[in-house]
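Biologist: I am new to this structure and would like a close look at a single part, the surroundings of the ligand. Could you take me through that part with care, and then turn to the charged pairs elsewhere?

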Amino acid sequence: MPIALSNYWDGAWHPGAGESIERRAPARSDTVVASGAGVSSAQLDAAVGAAAHAFDAWRRLGIERRCAILRAAAGILSVRAEALGRELSHEQGKVLAEGVAEVRRAAAIFDYFGHQSKAPVAEEYAGPTSQQRLVVSHHPVGTIGVVTPWNFPIAIPAWKLAPALAYGNTVVWKPASHVPLLAFRLMEALEEAGLPPGVLSLTMGPGSIGQRIVESSQVDAVTFTGSTEVGRHLVETCGRRMKPIQAELGGKNVAVVAEDADLDQALEAILVGAFSGNGQKCTATSRVIVDERVADTFGRMLRERACALTVGDPLDPSTEVGPVVSSPDQVRIQAVIDAADGAVTVSAGDRRPGNGWFVNPTVVDLERPKGAFWTEEIFGPVVALVRANDYAEALRLADDTPFGLAAGVYTRSLDRVHQATEELKVGMLTINGPTTGSEPHVPFGGWKQSGFGPREQGSEARAFFTKSRTTAINAGTSR
Ligand code: TAP
């Protein structure tokens, strides 16, 4: 039976009066996972109004009581990780173990921000004289518009909602249309954790609902994760309104395999980087640049292992690569593969159910670094191999992209690690590990066209979700 979806604002669930929603399972497109309707424009305005109205009481509640609610939400998500992970895998298509791990990650994020009440709330500096102290304190921004993508249906919402709420903001959240069920489940968990009425509004619907949130005069700032195309448009929209926006966008992430790399270690890391999440991660490895001297060996190793990956139902624990998120995405990715010269499309055999949106894991040997495999974010289980004459050329090629999200470098040389950290223009760099992955206590985000505004998570999250005030305190003249 499909799960009946609902929207949430002002402390109550509301059936949508907007566009209908019907989410089908990517592995079995004849199975409806969840259905309902998104909000109408009038409902959205009510949901935004409720969040704006709730702001003063929420910020005055104090950080300790706010954080206690986030810790309770973390506990609820932990207890439900298996069940929610299964629903995530069914709805989005990533394999079961990754679905469960993502729910646990969301719990860890709520737990991390649930402990921010114990972090310093201000910094103190010396004034120009001993009579003056300068105190920098941090204050909530107001009502935040949150717009999230489908590839991490619960972890990315968590890493926006948790800091927004901890630091005293209220939120209007529009999840991606492909993953309404996990949004509904996260909202349920937060309601059960004791979030007061109005503090969070869940408003489902198409991109136009996200657009209306961003344009609302009652929304004080926007945090968005998604494509560079939509992100650029939202940055322009916010710029015209002088509204702060944080945007985490696309990537064309690279793995550089040096001549001295431990090839087995590099192989394991690149397989995870390229094919986990069915290749649909913003940090997915999509270009592999290999030193000419080890390229034949490494290319053969990569093709052989990619060929042995089991493609199938994401709920089957033996599956290593599941379906992509939608039928149009399957058609688009397959067209890019079909148009490529030298594409080796590989698959371990047929364990896939009928009617699924599957794409075989694919390795493409590129003669020259150009074409769609080199420049476009394909967002599927595909990876391009390119040869470089030496390490210096490999680093130059690595930066041959307008994106700057993630890179992996595989080497045993400290000198080469140093060169990579100096030269590569990326926000996330991994040495001898997968390009994918993040931790809640350290910043996450991209350079160049992969990101805009303050980073997410860790110590940098507060920079976006608060406004600072510098207070100069002068001692009385009698002292
Ligand atoms: P998008 O198509 O950009 O959609 C992202 C969100 O924006 C969805 O909720 C979407 O709604 C909404 N949206 C679409 N048009 C809008 C508009 N005009 N105004 C406001 N909201 C609008 O991205 P996607 O396909 O969901 O996600 C994949 C992309 O996200 C990839 O490029 C990936 O690299 C990127 N991504 C980046 C990161 C980081 S941290 N850099 C992490 C994950 C994903 P609908 O779903 O209803 O269309």
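**The ligand and its surroundings**

Modeller: In this predicted model, a polar backbone atom of T148 lies 2.8 Å from an oxygen atom of the ligand. The side chain of S177 also takes part, with a polar atom 2.5 Å from an oxygen atom of the ligand, while G207 offers a backbone N or O atom that lies 3.4 Å from a nitrogen atom of the ligand. Taken alone, the ligand would expose 910 Å², and the protein buries 86% of that area. The space that the ligand takes up is the largest pocket, and the elements that give two or more residues to the shell around the ligand are α7 (207-215), β11 (221-225) and α8 (228-241). There are 30 residues around the ligand, and those that come nearest are T148, S177, S227, L249 and E377; T148 and S177 have already appeared here through their polar atoms, the one by its backbone and the other by its side chain.

Turning to the charged pairs, the structure holds 27 salt bridges, and one of them joins the side chains of R104 and E82, with N and O 3.2 Å apart. Because R104 belongs to helix α4 (residues 96-113) and E82 to helix α3 (residues 81-92), this pair ties together parts that are 22 residues apart in sequence. R104 has a relative accessibility of 42% and therefore counts as partly exposed, whereas E82, with a relative accessible area of 52%, is exposed.

A second pair is formed by E102 and K94, whose closest N and O atoms are 2.7 Å apart, and here both E102 and K94 are buried.

A third pair lies within one helix: D329 forms a salt bridge with R332, the closest N and O atoms being 2.8 Å apart, and both residues sit in helix α11 (residues 327-339), where they are 3 residues apart, or about one turn of the helix. D329 has a relative accessibility of 16%, so it counts as buried, since the cut-off for that word is under 20%, while R332, with a relative accessible area of 33%, is partly exposed. Beyond such pairs, E64, R71 and K118 are joined into one network by salt bridges that share partners.

Technical notes
Residues are numbered from 1 along each chain as its sequence is written. This is a predicted model: local features need pLDDT of at least 70, side-chain atom pairs count only at pLDDT 80 or more; totals for chains, interfaces and linings use all residues. Side-chain values use heavy atoms; hydrogens and water are left out. A salt bridge is a side-chain nitrogen of Lys or Arg within 4 Å of a carboxyl oxygen of Asp or Glu. Helices (H or I, at least four residues) and strands (E, at least two) are DSSP runs, numbered from the N terminus. Buried means under 20% relative accessible area, exposed over 50%, partly exposed in between (1.4 Å probe, protein chains only). A residue is near a molecule or strand if one of its heavy atoms lies within 4 Å of it. A polar contact is a pair of N or O atoms within 3.5 Å; within protein, one must be able to donate a hydrogen and the other to accept it, and residues adjacent in sequence count only if both atoms are side-chain atoms. Accessible areas come from the Shrake-Rupley method with a 1.4 Å probe; for residues, only the protein chains shown count as cover. On a 1 Å grid over the protein atoms alone, a cavity is a set of points where a 1.4 Å probe fits but cannot get out, and a pocket is an open set with protein on both sides within 12 Å along at least five of seven lines; lining residues have an atom within 4 Å of a point. A molecule sits in a cavity or pocket if more than half of its atoms lie within 2 Å of its grid points.
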